[in-house]
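Open the model in your viewer and keep the selection tool at hand. Each stop below names what to select next and says what is there.

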Amino acid sequence: MEGQDEVSAREQHFHSQVRESTICFLLFAILYIVSYFIITRYKRKSDEQEDEDAIVNRISLFLSTFTLAVSAGAVLLLPFSIISNEILLSFPQNYYIQWLNGSLIHGLWNLASLFSNLCLFVLMPFAFFFLESEGFAGLKKGIRARILETLVMLILLALLILGIVWVASALIDNDAASMESLYDLWEFYLPYLYSCISLMGCLLLLLCTPVGLSRMFTVMGQLLVKPTILEDLDEQIYIITLEEEALQRRLSGLSSSVEYNVTELEQELENVKILKKKLERRKKASAWERNLVYPAVMVLLLTETSISVLLVACNILCLLVDETAMPKGTRGPGIGNASLSAFGFVGAALEIILIFYLMVSSVVGFYSLRFFGNFIPKKDDTTMTKIIGNCVSILVLSSALPVMSRTLGITRFDLLGDFGRFNWLGNFYIVLSYNLLFAIVTTLCLVRKFTSAVREELFKALGLHKLHLSDTPRDADTAKPSANGHQKAL
């Protein structure tokens with residue numbers, strides 16, 4: 001009997017492993033297909049040639065797609081775990097959700113950590129060096145020569161990073177135990193290196209997310225149709241049509257030798273056409289879309305931002321009085337044993353919405369920063385080098401998202417796998433400072449956003465607008481016609 005029970009247990013374990021592997025493969029296949037369509041939408045079409053460079057571009061494309069799929073999986077990791085916990089808690093004995101268990105959730109977290117390390121330290125550097133390689137001088141040109149050069153560059157990069165981490169470890173913790181632990185490449189060195197990358201990603205999120213939270217109002221205002229209050233759209237369309245016709249007549253009257261004036265007028269005409277399309281879209285929009293959707297979206301954004309700041313403030317108070325509020329504190333009851341929110345399923349849904357909102361805001365804030373402004377992909381006109389840079393940036397942000405969400409107290413779901421083993425998560429001062437900086441910077445960004453119009457009017461009333469004391473981004477608006485369809489010269 002004991003032998004039969006042991007065989008039965010082995011069979012159940014084997015079937016569960018096969019089932020979990022199949023589910024993980026199907027989920028990743030879906031993410032890979034979606035990522036492939038996203039990248040091919042932005043990839044430059046002129047890169048598609050039938051030669052050696054085409055093969056290199058194709059390999060780099062597949063590696064970038066794999067990295068973007070891993071990034072999407074890292075973003076969905078925490079929401080999927082939260083909703084799975086609530087489902088298992090609500091339907092513990094349901095036959096149709098037996099595949100959803102703690103083992104699957106832990107496996108997904110471990111795979112996300114493994115693939116994030118693989119993409120960040122191996123695949124993306126290989127794709128970049130492979131794309132830029134030409135082969136060593138004196139060797140026969142071809143794919144093999146480029147692969148050899150790429151492997152040599154990867155080895156040199158690994159040695160450089162190893163030396164940097166060794167020096168940093170010696171400066172921070174100079175004892176024999178920490179130095180000897182660096183010899184353990186798999187158990188200590190790679191997790192320690194990924195912990196440093198995660199800290200850098202969280203710091204990048206700390207910089208991007210507050211900027212994105214304030215920038216989201218502007219982005220949604222550009223996507224939605226604003227209410228028409230005391231505006232005559234027909235008159236604006238008539239004026240902008242006259243201006244478009246005047247620019248077209250000026251272009252037809254100029255000779256092709258005056259290249260500078262022709263290029264400048266073509267850009268101005270393009271701006272006028274864009275503004276005309278926006279005005280026509282506002283005119284065609286229904287009254288419900290103009291007067292209901294826009295205010296509702298603005299109120300929703302303001303509500304989500306306020307809830308995020310309030311949750312961070314509450315987490316700061318919990319950190320001061322309760323040790324279990326630390327991200328690397330005591331472990332919870334486990335998956336499917338207890339709800340992680342006081343409001344049950346509604347609270348879990350709110351946490352998931354806030355996590356996605358923070359991720360979207362961080363991406364918007366990332367591309368809004370001046371240093372990363374050139375990283376913005378363009379449809380059918382993005383080089384593979386820029387695609388690789390975007391994939392690495394998104395991977396760093398998405399891998400740090402679960403850590404940031406747990407550190408800020410957006411959710412109480414414990415970090416699983418290597419995500420919960422980061423050394424800096426147990427440092428009280430780092431976690432408290434991170435929460436304080438997030439709350440303060442987000443509040444300042446929102447205050448600056450909503451008081452920009454008042455500050456500009458005060459500067460104009462005091463005559464200080466000529467000194468350019470207001471640092472609001474107006475450079476994009478000065479090159480375009482104003483809201484009523486006129487330009488300064490007109």
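Select Trp109, which is found in helix H3. In this predicted model, Trp109 counts as buried, because its relative accessibility is 0% and the cut-off for buried is under 20%. Now add Leu78 to the selection. Trp109 and Leu78 are 31 residues apart in sequence, yet their C-alpha atoms are 8.9 Å apart in space. Which residues is Trp109 in contact with, leaving aside its neighbours within four places in sequence? They are Leu77, Leu78, Ser81, Pro402, Phe413, Leu415, Leu416 and Phe419.

Stay with helix H3, which covers residues 102-132, and select Phe115. Phe115 is partly exposed, with a relative accessible area of 25%. Add Phe66, which lies in helix H2 (residues 52-90). Phe66 is buried at a relative accessible area of 18%. The structure holds 11 aromatic pairs, and Phe66 with Phe115 is one of them. The ring centres of Phe66 and Phe115 are 5.5 Å apart and the planes stand at 75°, so this pair is edge-to-face. The pair links distant parts of the chain, its two members being 49 residues apart. To see what else belongs here, select Phe28 and Tyr32 as well: ring pairs link Phe28, Tyr32, Phe66 and Phe115 into a cluster.

Next, go to helix H4, residues 143-172, and select Thr150, which lies in that helix. Is Thr150 buried or exposed? Thr150 counts as buried, because its relative accessibility is 0%. Not counting residues up to four places away in sequence, Thr150 touches Phe126, Phe129, Phe130 and Ser133.

Keep helix H4 in view and select Leu162, whose place is also in this helix. Leu162 is partly exposed, with a relative accessible area of 31%. Switch on the surface and add Phe136, Leu148, Val152, Met153, Ile155, Leu156 and Leu159 to Leu162: together these residues make a nonpolar surface patch of about 650 Å².

Move on to helix H8, residues 259-284, and select Val272 there. Val272 counts as buried at 0% relative accessibility. Add Leu247 for a distance check. Val272 and Leu247 are 25 residues apart in sequence, and the distance from C-alpha to C-alpha is 9.2 Å.

The next stop is helix H10, residues 344-368, where Leu358 has its place. Leu358 counts as buried, with 0% relative accessibility. Select Ile410 together with Leu358: they are 52 residues apart in sequence and 9.9 Å apart in space, C-alpha to C-alpha. Ile410 is also among the contacts of Leu358. Once neighbours within four places in sequence are left aside, the contacts of Leu358 are Thr209, Leu213, Ser308, Met404, Ile410 and Phe438.

In helix H10, now select Ser361. Ser361 also counts as buried, at 0% relative accessibility. With residues up to four places away in sequence not counted, Ser361 touches Cys208, Thr209, Gly212, Leu213 and Met216. Thr209 and Leu213 are in contact with Leu358 and are touched by Ser361, so keep both on screen while comparing the two residues of helix H10.Now turn to the cysteines. How many disulfides does the structure hold? The structure holds zero disulfides. Select Cys391, which is in no disulfide: the nearest cysteine sulfur, that of Cys119, is 9.3 Å away. Cys391 counts as buried at 3% relative accessibility. Cys24 counts as buried too, at 13% relative accessibility.

Finally, clear the selection and look at the whole protein. The secondary structure comes to 14 helices and zero strands. Of the 490 residues, 40% count as buried. Among contacts between residues at least 6 apart in sequence, 79% join residues at least 24 apart. The accessible surface comes to about 28100 Å², and 65% of that belongs to carbon and sulfur atoms.

Technical notes
Residues are numbered from 1 along each chain as its sequence is written. This is a predicted model: local features need pLDDT of at least 70, side-chain atom pairs count only at pLDDT 80 or more; totals for chains, interfaces and linings use all residues. Side-chain values use heavy atoms; hydrogens and water are left out. A disulfide is a pair of cysteine sulfur atoms within 2.5 Å. Buried means under 20% relative accessible area, exposed over 50%, partly exposed in between (1.4 Å probe, protein chains only). Patches are made of residues with over 30% relative accessible area and no salt bridge: like charges are joined within 9 Å, nonpolar side chains (Val, Leu, Ile, Met, Phe, Trp, Tyr) within 5 Å. Accessible areas come from the Shrake-Rupley method with a 1.4 Å probe; for residues, only the protein chains shown count as cover. A salt bridge is a side-chain nitrogen of Lys or Arg within 4 Å of a carboxyl oxygen of Asp or Glu. Helices (H or I, at least four residues) and strands (E, at least two) are DSSP runs, numbered from the N terminus. Contact means heavy atoms within 4.5 Å. Rings of Phe, Tyr and Trp (its six-membered ring) pair if their centres lie within 6.5 Å; planes under 30 degrees apart count as stacked, over 60 as edge-to-face and the rest as tilted.
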